[in-house]
Amino acid sequence: MIDLSKTPDDLPIPQDDGAAKHLIGMLLPKISLASSNGKSIDLASYPEFLVIYCYPMTGQPNVALPDGWDQIPGARGCTPQSCSFRDHYQELKALNADVLGLSVQTTEYQKEMAERLHLPFPVVSDVDFQLQKALNLPTFIAAGMTLLKRLTIIARAGKIVAVHHPIFPSDSDPAWVIAYLQEHQ
C-alpha cells in the first residue's frame, strides 16, 4: 500500500514552464464554488489575504494512484501539501490570511479527504473548470483526467498579488506563503 503522507525521494522536479506568470495582477472572478464544508464560496469576496493552493488530486487510502503518477513532475504530493497547510494554519490566520485548497475533484471526494486529514479550512471544487477557465490555470492530463498543475495563489481583496509555481517539494509551499505575508503586511 502507498503511504500518501510521504513522497518518494526520486520524484522528478517540475520546471518553471511560465504557465502561471500571467496571473499576477488579475482579479479573482466572482464565481462561487462548492466546498467541503457544505457552503458555496465566492473567491472574490475575501477582504484581506486569500491563499488558494491548487493541486492535481489527492489519493485515497487503498486506491492505486494513476499509472505513471510518480513520473509526472509535480503530480505527487497533494496530501503532504494539504497537511503542511493544516499544520501552519494558525500562523497563516495570524497573518490575516484565509486558506482554501482547490482541485477539480468532486466535493464529495474532497470532503472525505478534508475529514480524513483534519483540515481546518475548506477545500473547494472546480469540477466544472470555472476558475481554471476564467484564470487560464495550467493543467495536465493523466490517466484520461484533466488536472490542475500545483500552484499557489495569494490574493488581497480579490486581486492576485503573488503566485508560487512550480512548487517542490509540495510541503514547502506554506513556508513560501508565510514569508510573502510577513513581508507584505
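Let me start with one residue. Asp98 is partly exposed, at a relative accessible area of 23%. The cut-off for buried is under 20%, so Asp98 misses that class at 23%. One word of caution before I go on: this is a predicted model.

What does the Asp98 side chain meet? It forms a salt bridge with the side chain of Lys93, at 2.8 Å, N to O. Lys93 is partly exposed as well, with 33% relative accessibility.

Asp98 sits in strand S4, and Leu50 stands opposite Asp98 there. S4 runs from 97 to 103. How many of the seven residues of S4 are buried? Six are, and the strand is mostly covered.

Now the neighbours of S4. S3 and S4 pair in the parallel sense, over six bridges. S4 and S5 are also parallel, over three bridges. For a register point in that second pair, take Leu102: its bridge partner in S5 is Val124.

Let's step back to the sheet. It is open, and it has five strands. What is the strand order? S5-S4-S3-S8-S9, with mixed pairing. Which strands are at the edges? S5 and S9, each pairing on one side only. From one strand to the next, the twist averages 25°. Helix H1 packs on this sheet. H1 touches S3, S4 and S8, and its direction makes about 160° with that of S3.

Next, the antiparallel part. S3 and S8 pair in the antiparallel sense, over six bridges. Phe49 stands opposite Arg156 in S8. S8 is mostly covered, with five of its six residues buried. Arg156, though, is partly exposed, with a relative accessible area of 34%.

On to S8 and S9. This pair is antiparallel too, over five bridges. Two register points here. Ile153 stands opposite Val163 in S9. Ala155 has Ile160 as its bridge partner in S9. S8 and S9 make a hairpin with two residues between them. What is the sign of phi at Ala157 in the turn? Positive, at about 50°.

Back to salt bridges. How many does the structure hold? Seven. You have heard about Lys93 and Asp98. Here are two others.

One brings us back to Arg156. Its side chain meets that of Glu48 in a salt bridge, at 3.7 Å, N to O. This pair links distant parts of the chain. Glu48 is in the loop between S2 and S3, Arg156 is in S8, and they are 108 residues apart. Glu48 counts as partly exposed, at 36% relative accessibility.

The cut-off for a salt bridge is within 4 Å, so the Glu48 and Arg156 pair qualifies at 3.7 Å.

The other joins Lys149 and Asp17, at 2.4 Å, N to O. Why does this pair tie together parts 132 residues apart in sequence? Because Lys149 lies in the loop between S7 and S8, while Asp17 is in the segment before S1. Both ends are partly exposed: Lys149 has a relative accessible area of 23%, and Asp17 has 41%.

Last topic: helix H3, residues 107-116. Which of its residues are buried? Thr107, Gln110, Met113 and Ala114. Look down the axis of H3 and these buried residues fall within an arc of 125°, so they line one face of the helix. Here is the general background. An α-helix has 3.6 residues a turn, so residues three or four places apart point the same way.

What about the face of H3 turned away from the buried side? There you find the exposed residues Glu108 and Glu115.

What covers the buried residues of H3? The cover includes strand S1, helix H1, strand S4 and strand S5. We have met several of these elements. H1 is the helix that packs on the sheet, S4 is the strand of Asp98, and S5 is one of the edge strands.

After H3 comes His118. Its phi is positive, near 60°.

To recap. The sheet is open, with five strands and mixed pairing. H1 packs on the sheet. H3 has its buried residues along one face. Among the seven salt bridges, Lys149 with Asp17 ties together parts that are 132 residues apart in sequence. That's it from me.

Technical notes:
Residues numbered from 1 in each chain as written. Predicted model: local features only at pLDDT ≥ 70, side-chain atom pairs only at ≥ 80, totals over all residues. Heavy atoms only, no water. Buried < 20%, exposed > 50% of the residue type's maximum accessible area, 1.4 Å probe, protein only. Helix = DSSP H or I, 4+ residues; strand = E, 2+ residues; numbered from the N terminus. Arc of directions from axis to C-beta. Contact = heavy atoms within 4.5 Å. Pairing = 2+ DSSP bridges. Axes fitted to C-alpha atoms, helices over the stretch in contact; angles between N-to-C directions.
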